Structure formats: C-alpha cells, structure tokens
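Please work through the following exercises with the sequence and the model in view. Each task is followed by a solution in steps.

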Amino acid sequence: MDTLTFDTMTDKELLQAFVPERSAVELLKEYQNVYNVVMESSASTVDAIPGMGNVKTKKLMLIRELVNRVNDATSKNVKVINGPTDAINYFSFLKSKPKEELWVLLLNTKNHVISSQMVSIGTINGTTSEPREIFQPAIHRLAASIIVAHCHPSGDCAPSPEDERATMRLVQSGRLLGVPMIDHIIIGKYGSCSLKEVRPDLFIGGM
C-alpha cells in the first residue's frame, strides 16, 4: 500500500483486516462500533460469532491488550502537569474501564507528579467518595495540590450535575485543607474534558 488512508476506513473495513467480512458484520451488529468490539466485547461471545473461533478471538483480545498498554505508557510518560491536556493524557488509561473509577493525582509545588491513586470504583452508573478519602493520600504524601479524575463508561464526557456538585465540594475542602484541587478530569471513550476549562466558575477561590 503506497498511501496510508486508515483514517477514511469504516469500522467494518478496519475489522476486516483481522476477521472475515461476515464476522465483522456480526460483531458490529452485536457491539455497535469498533471500539466496543475491541475494548468491551466478551471473549466467549466473540468466539461464538460465525467465522471467528479461538484464533481470531485471540487476535481481538491481543489488540485490546495492546491498546491498554499504549494508554498505560502514555500515562507513565507524563511527569509534569502543565495544563488540562497533560492531565487528560495522564488519565487516558481510564478510557477502557468498564466501571466508573475515581482517581486522585498528587502534585508538588512545581506541578511534578508525585503519584496517583484510585480512590473508589463504582458500578457502570457511578461511584461516590467522601472528600476525606480523596485528600488523605495528599496529606500523607505532603502534596501541594491535587487533580481528581473519573471515567464515564457510557462514553459521554459531559459533566453531570452530580459531577459539578462534587467538584464544588472538593474545591471547598481543598481550600480548607490548604491542598487545592486544581482540576477535575472526566474521561470518556469518545472524548475527555476538564471541568476547569468548561466550568471555571466551580474553581473560584479554590486555588
């Protein structure tokens, strides 16, 4: 192939590079899009699709592992948070999570990453966590500030009213503790957002 035009390929055409056309059609009927086929499919369900079988199913599972490792590597390569893009890249591994996870990222006075920690994991519909659970690692590690992130397994990264209320509460808690929360990142399969960018009013007084 002289010219690579992968960006113009349909989901079906992409899948056909790994599985028969008939199987690609059936997989898309079952899972709606190529992301769901690769990242959320059940091995047993895929194996039962006509034309698949163990070998081709393993190929899809290997692609999933490859994507997960790329996302993990992207996260590990982010050492300093200079803005929302860095924070979103750091938490890119959350894209493939089937349930909502809540994480806290600890930063020093120069916004260098100290560490990150999962605070809670919820159902596919949501997760809850008290401010004390989020700020405890920051206080223990003497962090100068934190960034909170969670994923929306539905794929839509738009903040919900609950996300906005939680952000206000955490900003207020950080102000009292002297450990400001400088952003709240929402990761979705089809996009991610920074509440500091889309709702800066929630952070007034939080720095």
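The exercises below concern a predicted model and treat its sheet, its helices, its cores and its cysteines.

**Exercise 1. The sheet**

Determine the order of the strands in the sheet and state which strands lie at its edges.

*Solution.* Step 1: the open sheet is formed by five strands, and their order is β2-β1-β3-β4-β5, with mixed pairing. Step 2: β2 (113-121) and β5 (191-194) each pair on one side only, which makes them the edge strands. Step 3: from one strand to the next, the twist averages 20°. Step 4: within the sheet, β1 (residues 101-107) and β3 (residues 145-152) are antiparallel and share six bridges. In this pairing, V104 has V148 in β3 as its bridge partner.

**Exercise 2. Helices on the sheet**

Identify the strands that α7 lies across and those that α8 touches.

*Solution.* Step 1: α7 (residues 131-140) lies across β1, β2 and β3, and runs at about 30° to β1. Step 2: α8 (residues 161-177) packs on the sheet and touches β3 and β4 (181-188). The direction of α8 makes about 155° with that of β4.

**Exercise 3. The nonpolar cores**

Describe the largest nonpolar core and name the elements that supply it.

*Solution.* Step 1: the largest nonpolar core has 20 residues, of which I134, I146, V148 and M181 touch the most other members. Step 2: at least two residues of this core come from each of β1, α7, β3, α8 and β4. Step 3: a second core, separate from this one, has 16 residues, including F91, L94, A149 and C151.

**Exercise 4. The cysteines**

Explain why C151 and C157 form no disulfide.

*Solution.* Step 1: a disulfide is counted when two cysteine sulfur atoms lie within 2.5 Å. Step 2: for C151, the closest cysteine sulfur is that of C157, at 12 Å, so the pair is too far apart for a bond. Step 3: for C157, the closest cysteine sulfur belongs to C193, at 4.5 Å, which is also too far for a bond. Step 4: the count is zero disulfides. As for accessibility, C151 is buried at 1% relative accessible area, and C157 also counts as buried, at 17%.

**Exercise 5. Helix α5**

Compare the span of α5 with the expected value, and find what its buried residues pack against.

*Solution.* Step 1: α5 (residues 53-77) has 25 residues and reaches 37 Å from its first C-alpha to its last, close to the expected 36 Å. Step 2: the buried residues of α5 are T57, L60, I63, R64, N71 and S75. Step 3: these buried residues pack against α1 (11-15), α2 (21-31), α3 (34-39), α4 (43-47) and α6 (84-90).

Conventions
Residues numbered from 1 in each chain as written. Predicted model: local features only at pLDDT ≥ 70, side-chain atom pairs only at ≥ 80, totals over all residues. Heavy atoms only, no water. Pairing = 2+ DSSP bridges. Helix = DSSP H or I, 4+ residues; strand = E, 2+ residues; numbered from the N terminus. Axes fitted to C-alpha atoms, helices over the stretch in contact; angles between N-to-C directions. Contact = heavy atoms within 4.5 Å. Buried < 20%, exposed > 50% of the residue type's maximum accessible area, 1.4 Å probe, protein only. Core = buried A, V, L, I, M, F, W, Y, C linked by side-chain atoms within 4.5 Å. Expected span 1.5 Å × (residues − 1).
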